[in-house]
Structure formats: structure tokens, C-alpha cells
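Please open the model in a viewer and keep the selection tool at hand. The tour below proceeds from the whole chain to individual residues.

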Amino acid sequence: MTVLGGRPTGLTSLSLDDELDPRARLVVVGNGMAGARLVEEVLERGGGDQFRITVLGDEPHGNYNRIMLSPVLAGESHEDDIVLNSHDWYADNGVHLRAGIRVERIDTAAKTVLGADGSVTPYDHLVLATGSYSFIPPMTGVRREDGSLLPGVFGFRTIDETRALLEATGRCRRAVVMGGGLLGLEAARALQGHGLQVELVHAMPWLMNAQLDAEAGAILRRSVESLGIDVHLDVLATEVLGAEHVEGVVLKDGRRLDCDLLVVAAGVRPHSDVALRSGLEVERGIVVDDQLRTDDPDVYAIGECAQHRGSVYGLVQPAWEHARVLADVLTGTDPGAEYHGSRTATKLKVAGVDVATMGVNTPEREDDEFLVISEPKRGVHLSVVIRDDRLIGATLLGDTRKVAYLTQAFDRGVPLPEERIRLLVDLSDGAAEVGVAEMPADSQVCNCNGVSKGDICGAVAGGCGSVGAVMDATRAGKGCGSCRSLVKQIVEWAADGDLAEDPAASYYVPGIPMAKPELVAAIREQDLRSVSAVFAALAPGGKEDARSKMGLTSLLKMVWGVDFVPEKDGEFINDRVHANIQRDGTFSVVPQMKGGVTTPAQLRRIAEVAEKYEVPMVKVTGGQRIDLLGVRKEDLPAVWDDLGMPSGYAYGKSFRTVKTCVGSDFCRFGLGDSTQLGIDLETRFQGIESPAKMKLAVVGCPRNCAEAYVKDVGVVAVGNGRWEVYVGGAAGATVRKGDLLATVDSPQEVLRLTGRFLQYYRENANWLERTYDFVPRIGLERIRSVLLEDSEGIVADLDANMQKSVDAYADPWGQDGKEPATPGQFRTSLPLVALPAVPVR
Amino acid sequence: MSAATGVRHLEAARPTTPGTEPGSPATDVRGPGPAAPPRGTTYAVGRVEEVPPGEGRAFVAGGVQVAVFRLRDGSLHATQAACPHAGGPLADGQTDVDVLVCPLHLYAYRWTDGASTSGAAPIRVYPVHESGGEIVVEV
């Protein structure tokens with residue numbers, strides 16, 4: 001198993017002999033967000049000189065951001081990105097982390113911690129930060145005889161559970177999520193995103209009942225159901241079906257829901273068993289006083305396992321308040337520091353809907369004021385509860401623009417406007433900024449990283465000139481991300497309209513401070529024909545930049561055609577060896593197959609090559625070609641030679657392929673010969689490099705079998721020899737139907753107009769900007785007037801420049817196959833070490 | 001605290017997933033990458049002209065695979081061959097005078113100390129120099 005936030009091989013830490021160390025021993029049980037935060041707070045107060053700190057963690061990982069497990073499950077974040085404190089961090093700060101050790105018991109008399117591994121750890125001060133665990137409601141069949149969960153049943157609380165869930169999404173089809181709170185909703189949304197059919201079972205009458213009132217819950221339900229998730233409310237699950245693996249659940253009303261995956265997110269319970277076994281006072285959680293002390297004077301508890309004045313919190317913000325107070329007490333920075341409870345306010349995005357709640361969600365006394373704005377159709381529900389002219393609660397669903405102002409009113413008790421509606425609605429322009437302006441400097445904006453408005457303003461005053469720079473400097477908005485819009489508002493307010501657009505945002509490549517038109521003009525004027533020449537002439541200090549090389553190579557090829565001076569180090573590895581690098585360092589080889597049309601002879605050759613070179617996978621691609629995956633780098637020239645087919649350019653930022661349907665030759669519906677037109681397009685534009693890849697398609701009728709409506713350029717036969725040309729379509733991470741550029745009368749005109757559009761795109765798009773962004777940015781009307789009416793007088797140039805690129809085409813496999821372009825071009829880079837294995841099918 | 005309460009809590013506190021195995025101290029945790037023998041042995045791994053300007057090539061130095069780079073300013077650099085993030089072939093990466101960029105996920109590493117500028121674990125950097133046209137790496 002991969003250890004999250006683990007250390008590379010060979011690093012060791014030196015520590016003083018225990019006997020010689022005069023510092024007191026501070027032991028923290030629990031390496032979650034509360035425990036690690038306490039260590040950070042202690043170190044910040046100079047506690048490293050006072051204490052030898054040992055952290056015992058049940059999980060083998062470093063400390064990670066548990067809030068971010070939902071985005072990891074959804075595939076939006078990588079698990080590496082949620083590490084808060086890696087193993088390295090502990091070592092660098094002289095903290096002894098013993099990860100993967102479950103604590104059995106504390107001997108409070110001997111002042112030792114007893115680990116499940118038999119270890120005995122003495123302490124002077126002990127902090128319990130054991131957190132919570134997923135509550136599994138009693139259901140028949142949910143556990144096997146040995147007490148473990150039935151396979152296919154998961155909690156959703158740890159990275160290991162998240163990994164297991166991610167792995168399960170690959171083989172499961174139907175999921176039931178138990179629990180309609182925040183975690184359950186996020187799990188449901190994430191699983192649905194992986195293509196599973198998801199049903200949600202919630203025991204309470206409405207969703208997120210802990211935070212929302214019934215009406216808001218009903219609106220949220222509609223939003224969730226509109227995503228295609230079935231919601232069953234007010235019903236318990238009583239039985240889990242399946243002997244070896246979960247097959248379904250039975251609800252109390254007798255309904256049966258089939259599933260092969262069951263996620264239980266029905267709340268959490270404080271992890272207090274260690275405290276209990278050790279004789280500490282435990283009610284719902286470990287009972288602590290205002291200094292987070294348990295009934296043993298040297299044992300403290302913080303975070304979700306602690307019960308303070310009858311309250312147990314399941315949020316990160318109170319845990320961090322605990323950590324601050326306890327660090328003050330332990331280090332003596334403020335020996336009288338006390339914790340008096342948290343007023344919890346949360347902002348989050350659940351299943352795509354913005355939600356913010358604070359305090360109570362319904363009036364509790366007769367004279368409480370209650371203002372509700374409900375727009376079920378828009379999925380918006382806003383309410384506030386006011387008592388004695390103070391805000392005691394607010395619920396914002398679907399529209400959280402007023403959250404900054406309301407949080408401040410809730411936290412500080414600032415006077416409320418007499419027209420209460422102004423709390424929820426901006427009745428005049430500019431009121432939104434007033435909200436940000438009125439926020440006190442110490443109010444916390446980013447709860448994940450503890451960044452206040454003052455910190456953000458300080459970063460702006462300190463010279464951060466863009467939202468991105470402020471986020472980098474303060475880490476604001478780099479946790480769960482829910483505060484990003486607020487961070488942006490504050491930065492804009494603090495900069496007082498003086499906010500520079502990030503200057504680098506307009507550069508074509510990061511290492512040359514020029515936008516594309518300027519850069520192209522300078523390249524032409526100064527006759528710069530190689531990447532190194534561009535760096536020498538145009539980069540600040542003549543300094544080369546690794547991340548700019550690929551973009552410059554592409555641009556120079558377009559500008560100079562055959563007169564470009566190639567430099568292999570200016571190319572990305574894919575372009576250096578004309579194949580697409582795979583995760584294990586092998587490559588994929590896709591021969592050209594114009595219009596998706598092949599022959600028995602070609603297929604025979606491909607089959608022979610696949611066998612001869614032991615190609616682990618042969619796969620039909622989405623672009624109507626055949627992909628040989630897992631080819632060794634050193635075999636590439638021989639593979640090309642044996643194939644005897646040109647490169648399909650499946651690796652480049654370039655023209656890729658033209659998909660076609662069978663058109664008029666065989667199809668009984670075909671209105672035009674789409675297959676031949678696709679072959680002609682591919683023949684003309686093969687290998688043309690561009691700011692981002694260009695995928696095309698031609699279909700013989702509007703049934704759109706080859707998906708021409710969602711291509712960079714898509715051509716549709718509409719009968720009577722006429723063809724529609726669509727541009728700016730996409731069906732990848734972004735889905736966009738192309739815009740109709742024009743309807744033309746012949747295949748020749750399709751070729752001419754396609755070339756014109758592609759050249760206009762090549763000359764004007766930003767690096768890596770696909771046509772689906774380029775077309776809306778420029779505007780269809782403008783593109784039409786430039787290309788069809790020649791409003792800028794550049795059409796002849798566009799046609800000529802494209803012709804130059806077409807003439808410069810040479811098949812790269814034919815070029816380098818016999819004679820490597822550089823020494824060792826195809827030498828292997830990684831034969832000796834074990835790599836992440838790609839399964840052979 | 002009553003005994004009854006105790007029983008209930010013990011019951012409820014059963015972990016929800018199979019327990020993580022008792023682990024090792026943090027210093028024993030192994031990341032990806034080849035294990036390096038004790039430092040200090042030098043190996044001539046190849047000729048300088050085998051590494052084209054601005055590019056990298058992989059070599060074996062005493063059983064350790066290293067990636068050697070020759071920058072356009074003529075300087076030589078040597079690193080571990082596999083990216084610590086996901087095992088990518090670093091010799092296939094792109095370079096400038098400051099950093100090496102892994103081809104798989106574009107994590108960047110500084111030549112000076114091997115530290116990542118994009119949040120990954122650091123890479124090992126080996127001393128390397130040219131001697132009579134030979135690339136000499138110390139591992």
C-alpha cells in the first residue's frame with residue numbers, strides 16, 4: 001500500500017538519547033486534523049524547545065485533509081494534493097511520528113500509553129485526539145461472523161476507505177448510499193460521477209436535517225434528484241442482503257433496493273473507547289473542561305472525540321479552536337486560556353449546490369423574527385432567524401453571495417439593517433462589496449487553512465498582485481476550496497480596483513513575457529527559427545524555461561514550416577519519439593487510418609507487429625483507429641518499419657484524425673460521401689501542429705453517427721450536395737455542440753473553409769486553448785465575418801499559410817526510423833526498476 | 001461513569017474497516033525509487049556526446065540507475081532515474097537551467113537540491129562531472 005505523505009528511501013532522523021533529553025514528553029494520540037494541528041500550534045509557540053513530541057497515529061499515513069476525501073472520491077483531487085503534514089514534515093520538525101499504531105489503553109497511574117504493538121510510551125502530558133469513526137447502524141447481515149463488514153459495504157471516513165471505494169467503482173454498477181447528510185450526499189454525487197446508478201436512503205424526513213429546515217431540505221432534494229440520484233426519505237434500512245458480497249438492502253417498509261456497493265454515511269461517533277478503557281470520564285465523548293482537560297490533570301482531549309459543556313462537534317473549526325487553546329495552556333503562552341464553545345458556521349458545496357448555515361435554522365421563541373426567501377424553481381432557499389435584534393441563525397441554499405456579511409453579523413453581533421430583507425438580498429448596487437468591507441480583519445475566511453481577512457489584506461499589501469498570488473502566499477482557498485469566491489472578493493476589495501490581471505495569464509508561454517501576436521511578430525522580425533534562439537532573444541535574461549519549450553516548438557513550426565530549425569530538447573518526449581508516453585514509460589503507437597477506413601492487409605500487418613513485439617494491449621480508439629499500447633521505446637523504429645504505415649499523430653498537439661460514418665456507399669440513409677471527404681480532409685491536414693489537438697469528423701446525414709456535432713471541426717451532409725460545417729464542438733471533459741459556421745455546396749469548399757478556420761485558430765488561439773474555448777472567446781459572428789466575408793482582408797494569407805504547412809508535412813516515422821535524430825533517441829530510459837504495473841489483458 | 005455506559009461504548013467503538021496493520025516508525029517508510037548503496041563510489045557511465053544538449057539519458061552506475069542531463073550551457077546533472085511521484089522516466093523529461101520536469105505529470109525538481117517545486121517528494125541528486133570526455137557519476 002502506498003503511504004500518503006510518506007518519506008523517500010534512505011532518510012533517517014537522529015534524536016537525542018531519551019535519558020539525556022531534559023524536555024518534557026508530550027504525547028499526542030491521533031494523527032488526524034486535530035492532533036496534527038495541535039502539534040503545529042505547539043511548535044508555533046516555541047514548544048519544540050519545551051517538549052519532546054511523539055504522535056501516535058492509527059493510520060499509516062501522514063496527516064491529510066479529511067474534508068477533501070469527497071473530491072478525491074469524485075476524481076477531482078489527487079490524494080497527493082490533500083496531504084497536510086507529510087512524514088517529512090514531522091521529521092523536519094523533530095516530531096516523532098509513529099504511524100500505523102493503534103493505542104490500546106492509557107495507564108494514567110504509570111503515565112504510559114500502551115500500543116497494540118506492545119509498545120509502552122511514557123508521557124508527561126497526553127493529548128487524546130482520536131476523532132470519530134463512521135457509525136454503522138444495526139442491520140441484519142451487515143457484518144460477517146468475525147465482526148468485519150460484509151464485502152461491498154464501506155464507511156467513508158479515511159483515505160483507505162476512499163481508495164477502496166474508488167477501486168470498487170470500477171467493478172460496481174449500482175450503489176446505495178445510506179445517509180442524507182453532507183458526507184452521504186457527497187459520496188452519492190461522486191459515485192454517480194463514476195457512472196454508477198445511485199440511490200440514497202435517509203432515515204430522516206428531509207436531507208441534511210442537521211443543517212437545513214424542512215423546506216430547504218425539500219429544495220435540496222429536488223436539486224439532488226435532478227442529478228439523477230433517487231432519494232428515499234424517512235425510512236430505515238433493516239437488512240443487508242448477500243452472503244459473500246452485498247447484493248441489496250431491505251428497507252423497513254419492505255422495499256428492496258438492489259446494489260453491489262453500499263456506502264454507510266449515517267453519522268459519526270466519537271472514538272472514545274481508549275479513554276473509556278483507561279478509566280477517564282466518557283459520556284457521548286471524552287468529557288473535558290474549559291482547558292480541554294479530562295478528569296485526569298495530565299490528560300487532555302481535543303477535536304471530535306472531546307465533549308465540552310455537553311457539546312460534541314463534528315466539524316474542523318472547533319477542533320482548531322481546541323488546538324489553539326490547548327497549545328496556549330501547554331506551552332504557558334497563556335496559561336489561563338479557556339475554550340467556551342464554538343459558534344459553528346459552515347459553507348460548503350454539496351452535490352453541486354452551495355450551502356451555508358450558521359446557528360439555528362428555525363425560530364425557537366414566539367418573538368423570534370424569521371425571514372424566508374424561497375425560489376424552489378431556481379433551487380434557492382434563504383432564511384434568517386433574528387432574536388433581540390441579533391442574528392442567531394441563517395441558512396443559505398443555492399445562493400451564498402451574502403455569506404460574508406451574515407457570518408460577520410452572526411459572529412460579532414453587528415447591528416442589523418432595519419429592512420431585514422437587506423440581510424438576504426442586495427437592494428442596490430455595490431452592497432455586496434460593503435459586506436466584505438465591513439468584515440473585521442480577524443474574521444476567518446478560509447477555515448481549512450485558518451486564513452483571516454487580515455492575512456489576505458496583508459498579502460495584498462505585501463505585493464501580491466493577483467488572486468492566484470494571494471492564494472499561493474496565504475494558502476487561502478487551497479483546502480476544500482469553498483471560500484474561493486470570498487477570497488477573490490476580499491482580494492479585489494483590498495486591492496481597491498487596482499488588481500492587475502495576473503500578467504502571466506496573457507503570455508503565450510510562461511517563460512516569455514509576451515502575448516501571442518507580439519511574440520509571433522518578434523519571431524518574424526528577428527528571424528528566430530529555433531527555441532533556443534527565442535529564449536536568447538526574448539526571455540528575461542535570455543533564460544530558458546522548461547515549461548515553455550513545447551509551446552514554442554509548436555509555434556515556431558507553424559510560423560516557419562520547413563524553415564524551422566528543430567531542436568530535440570525543445571520537444572516534449574512524445575514529439576521526440578513520435579509516440580505517446582504511458583504511465584510505465586512505454587509508448588503507444590497509433591498508425592494513420594484515414595477516415596477510420598482500413599484494409600485486410602493493414603490489419604494483418606498490425607496483427608503481426610503486435611505479436612512480434614509482444615504488444616500487451618491492442619485497442620480500438622475513440623478516433624476510429626487502432627492503438628498498440630505498451631511498446632518499448634527501443635522497439636519504436638522497428639515497429640514503424642514493420643508496420644509500413646505513416647504516423648497517426650495520436651500523441652501531438654496537432655491535427656489528429658477525422659472520424660467518418662459509412663456515408664453514401666453503403667448506408668441507406670447517407671446523403672453525402674462522408675467517408676471520402678473525411679479521407680480527403682485527413683490527407684490534406686495530416687500532422688499539422690496547432691495550439692491544442694484538433695479532432696474532426698464527417699457524417700453523411702444528421703443522424704450524426706460519427707459525432708460531428710461535437711468536434712473541433714464537424715461536417716454534416718444535409719442533402720443536395722450541401723454540407724454544414726460546425727466549429728468549436730467538444731465531447732471530452734467539456735461537452736459543447738459546435739457552432740454552425742456555414743453551409744457550403746461542395747466537398748472542395750468544405751476543404752477550403754476547414755483550412756481557413758484551422759489556420760485562423762492556429763494563428764490566434766492561446767497555447768493549449770481548444771476550439772471550444774477559442775470559438776466562444778472570439779465570437780462566432782466575428783469568425784464568420786473574418787472567414788466568410790474577409791472583413792479583415794486576411795483570408796488570402798490564411799489560405800497561403802495553411803498551404804505552406806501542408807507542403808511542409810513529412811511522416812515523422814519515415815524520418816527518424818532509419819537514422820535517429822539525436823544519439824540515443826530511442827534508448828530506453830527506465831529498464832531496471834519496478835514500475836507501477838499496467839495490467840496485461 | 002456507569003458500567004452500563006462503558007459496555008455500550010465499547011460495543012459502538014468497533015472500527016468500521018479492517019484495522020490498519022501495526023506499522024513501522026516514520027523513518028522506515030519507503031517511497032518509490034531505487035535503493036542507493038552508500039555514497040562515494042564513482043563510475044564512468046558513458047561518453048558526454050551520448051547525451052545530446054538539453055536532453056537526458058539513463059545510465060547504470062554500479063547497479064544504480066541514474067538519469068544524466070547535459071544542459072545547453074554545457075553543465076552536467078545526474079538524478080535518480082524514476083520520478084518519486086509515479087515512477088516516471090525522468091531521463092525523458094524536459095529541462096532548463098533551474099529544473100527538470102518529469103514527462104508523466106509535469107512535477108518539477110530543482111537541480112540544486114532535488115526539491116520539488118510542485119509539492120512532490122524530492123529526488124536524489126548525484127555528483128557528476130566530465131573527465132576526458134567520460135561522464136563520471138558518484139553514487
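Select the whole of chain A first: of its 841 residues, 48% count as buried. The model is a predicted one, and its secondary structure in chain A consists of 27 helices and 40 strands. Turning to contacts in chain A between residues at least 6 apart in sequence, 63% join residues at least 24 apart.

Next, colour the chain by confidence. The average pLDDT of chain A is 89, and 94% of the residues score at least 70. Two stretches deserve a separate selection. Residues 429–434 of chain A keep a pLDDT under 50 throughout, and the model gives them four contacts beyond four places in sequence. Residues 832–837 of chain A likewise stay under 50, and for this stretch the model has 14 contacts beyond four places in sequence. Where pLDDT is low, the predicted coordinates should not be read in detail.

Now select helix α19, residues 600–612 of chain A. At 1.5 Å a residue, its 13 residues should span 18 Å, and the end C-alpha atoms are indeed 18 Å apart, so expectation and model agree.

Which residues of α19(A) are buried? They are I606(A), V609(A) and A610(A). Because these residues cover an arc of only 100° around the axis, they lie on the same side of α19(A). In general, an α-helix has 3.6 residues a turn, so residues three or four places apart point the same way.

Display the surroundings of this buried side. The elements that cover the buried residues of α19(A) include β32 (617–620), β33 (626–631) and α20 (636–643) of chain A. Then rotate to the face turned away from the buried side, where the exposed residues P600(A), A601(A), R604(A), E608(A), E611(A) and K612(A) are found. Beyond the helix, select E614(A), which follows α19(A) and has a positive phi, near 50°.

The next stop is a group of cysteines. Select C661(A), C667(A), C701(A) and C705(A), which UniProt lists under "binding site" in an unreviewed entry. They span 45 residues in sequence, yet no two of their C-alpha atoms are more than 11.1 Å apart, so they gather at one spot.

Centre the view on C701(A), in the loop between β35 (694–699) and β36 (713–719) of chain A. Is C701(A) buried or partly exposed? C701(A) counts as partly exposed because it has 19 C-beta neighbours inside 10 Å, whereas 20 or more would make a residue buried. Leaving aside neighbours within four places in sequence, the contacts of C701(A) are F669(A), G670(A), L671(A) and A717(A).

Finally, move to C705(A), which also lies in the loop between β35 and β36 of chain A. With 18 C-beta neighbours inside 10 Å, C705(A) counts as partly exposed. Which residues does C705(A) touch, not counting those up to four places away in sequence? They are C661(A) and V699(A).

Note on methods
Residues numbered from 1 in each chain as written. Chains lettered and ligands numbered in written order. Predicted model: local features only at pLDDT ≥ 70, side-chain atom pairs only at ≥ 80, totals over all residues. Helix = DSSP H or I, 4+ residues; strand = E, 2+ residues; numbered from the N terminus. Expected span 1.5 Å × (residues − 1). Buried ≥ 20, exposed ≤ 12 C-beta atoms within 10 Å, placed from the backbone. Arc of directions from axis to C-beta. Contact = placed C-beta atoms within 7 Å. pLDDT = per-residue confidence, 0-100. UniProt positions renumbered as here; feature names shortened; annotations may be inferred.
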